[in-house]
Amino acid sequence: MKVIEKILESTAAGDAGKVVFSFEFFPPKTEDGVENLFERMERMVAHDPTFCDITWGAGGTTAELTLEIARRMQNMVCVETMMHLTCTNMPVEKIDHALETIKKDGIQNVLALRGDPPRGQDKFVQIQGGFACALDLVEHIRKSYGDYFGIAVAGYPEAHPEVIESNGLATPEAYAKDLAYLKRKVDAGADVIVTQLFYDVDNFLKFVNDCRQIGITCPIVPGIMPINNYNGFIRMTGFCKTKIPSEITAALEPIKDNEEAV
């Protein structure tokens, strides 16, 4: 079943007490890690998420593992699965291999992303026979697979990290251009937006309103990363250029060396 159908079904039911949520998992680096992931996944799925998703490693480094985890997640853990798919180091043949594989496994959901530059590189580079951006990927999926897949795309409440300047902000022009590009992805066939992680809720609410103002009507799912490790939190927010509200910094600083307290 498509994630968009599950979201709309929950909304139509009008059950104010039901929270629609999902869990996102990262492919582990070891075989023991993979088995540990599935133990944790089964415990977490007991909380009845609407869906779960599995990320695609930078530069396609976890391609086969991501495909295997997605298959097991859908058919053994039995939770609706959405697989991330990026354009980095992925010629069309590899993209179609991934899509055909998950289609065969009964998976109907893809989060279509451009992807980050491979490790050690500063900028995304389109490879020969590949796509330049997420819009290209969305268009390809719709052209080649029709309505089989539900397609999600990324949204950026603070604008894409590549246009955020040294002061931590994007210019109004860059933000507007980013929103216009998001609308192109939705118009090309995306039916859900999942946002970049954020910690300033006002930024998210403004983003949703700005999307509605330019005619984006699809569901917008907020991306939330719980803070369970200080160094990991600083690394991820630095990489994503995410604004950290002063009250969060004030709460974390005194306890940053105490993992249990964090």
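Angles under 35 degrees between helix axes count as roughly parallel. In this predicted model, helices α2 and α3 pack at an angle of about 30 degrees with their axes 12 Å apart, and α2 and α3 are therefore roughly parallel to each other. The crossing that α2 and α3 make is right-handed. On the α2 side the residues that meet α3 are Val34, Glu35, Leu37, Phe38 and Met41, and their partners in α3 are Leu65, Ile69, Arg72 and Met73.

**Salt bridges**

Two of the residues just named also form a charged pair: the side chains of glutamate 35 and arginine 72 meet in a salt bridge, with a distance of 3.6 Å from N to O. Because glutamate 35 belongs to helix α2 (residues 31–45) and arginine 72 to helix α3 (residues 63–75), the pair ties together parts that are 37 residues apart in sequence. Glutamate 35 counts as partly exposed, at 43% relative accessibility, whereas arginine 72 counts as buried, at 16%.

The count of salt bridges in the model comes to eight, and the table sets out three of them, including the pair already described.

| Acidic residue | Basic residue | N to O distance |
|---|---|---|
| Glutamate 35 | Arginine 72 | 3.6 Å |
| Glutamate 162 | Arginine 114 | 2.7 Å |
| Aspartate 200 | Lysine 243 | 2.8 Å |

The other two pairs in the table can be described in the same way. Glutamate 162 forms a salt bridge with arginine 114; glutamate 162 lies in the loop between β5 (150–155) and α6 (172–187), and arginine 114 in the loop between β4 (109–113) and α5 (134–145), so this pair ties together parts that are 48 residues apart in sequence. Of these partners, glutamate 162 counts as partly exposed at 49% relative accessibility, while arginine 114 is buried, with a relative accessible area of 19%.

Aspartate 200 forms a salt bridge with lysine 243, and since aspartate 200 is placed in the loop between β6 (192–197) and α7 (201–213) and lysine 243 in the loop between α8 (230–240) and α9 (246–252), the parts that the pair ties together are 43 residues apart in sequence. Here aspartate 200 counts as buried, at 12% relative accessibility, and lysine 243 counts as partly exposed, at 41%.

**Helices α4 and α5**

Helix α4 (residues 92–104) packs against α5 at an angle of about 55 degrees, and the axes of these helices are 12 Å apart. That angle makes α4 oblique to α5. The contact is made by Val92, Ile95, Asp96, Leu99, Glu100 and Lys103 of α4, together with Leu137, His140, Ile141 and Tyr145 of α5. In passing α5, helix α4 makes a right-handed crossing.

**Residues of strands β2 and β3**

Threonine 86 is found in strand β3 (residues 81–86) and counts as buried, at 5% relative accessibility. Leaving aside neighbours within four places in sequence, threonine 86 is in contact with Trp56, Ile95, Leu113, Arg114 and Gly115. Two of these residues have appeared above, Ile95 as a residue of α4 in the contact with α5 and arginine 114 as the salt-bridge partner of glutamate 162.

Aspartate 53 lies in strand β2 (residues 51–54) and is buried, with a relative accessible area of 3%. The side chain of aspartate 53 makes a polar contact with the side chain of histidine 84, at 2.6 Å. Not counting residues up to four places away in sequence, aspartate 53 touches Phe23, Glu24, Phe25, Met73, Met82, His84 and Leu111, and of these Met73 is also one of the α3 residues that meet α2. Aspartate 53 and threonine 81 are 28 residues apart in sequence, while their C-alpha atoms are 5.5 Å apart in space.

**Lysine 6**

Lysine 6 is found in helix α1 (residues 3–13), where lysine 6 counts as partly exposed, at 22% relative accessibility. With residues up to four places away in sequence left out, lysine 6 touches Met1, Thr50 and Glu80.

Methods:
Residues are numbered from 1 along each chain as its sequence is written. This is a predicted model: local features need pLDDT of at least 70, side-chain atom pairs count only at pLDDT 80 or more; totals for chains, interfaces and linings use all residues. Side-chain values use heavy atoms; hydrogens and water are left out. A salt bridge is a side-chain nitrogen of Lys or Arg within 4 Å of a carboxyl oxygen of Asp or Glu. Helices (H or I, at least four residues) and strands (E, at least two) are DSSP runs, numbered from the N terminus. Buried means under 20% relative accessible area, exposed over 50%, partly exposed in between (1.4 Å probe, protein chains only). Contact means heavy atoms within 4.5 Å. Axes are lines fitted to C-alpha atoms, for helices over the stretch in contact, and angles run from 0 to 180 degrees between N-to-C directions. Angles under 35 degrees count as roughly parallel, over 145 as roughly antiparallel, 65 to 115 as roughly perpendicular and the rest as oblique. A crossing is left-handed if the near helix is turned anticlockwise from the far one by less than a right angle, and right-handed if clockwise. A polar contact is a pair of N or O atoms within 3.5 Å; within protein, one must be able to donate a hydrogen and the other to accept it, and residues adjacent in sequence count only if both atoms are side-chain atoms.
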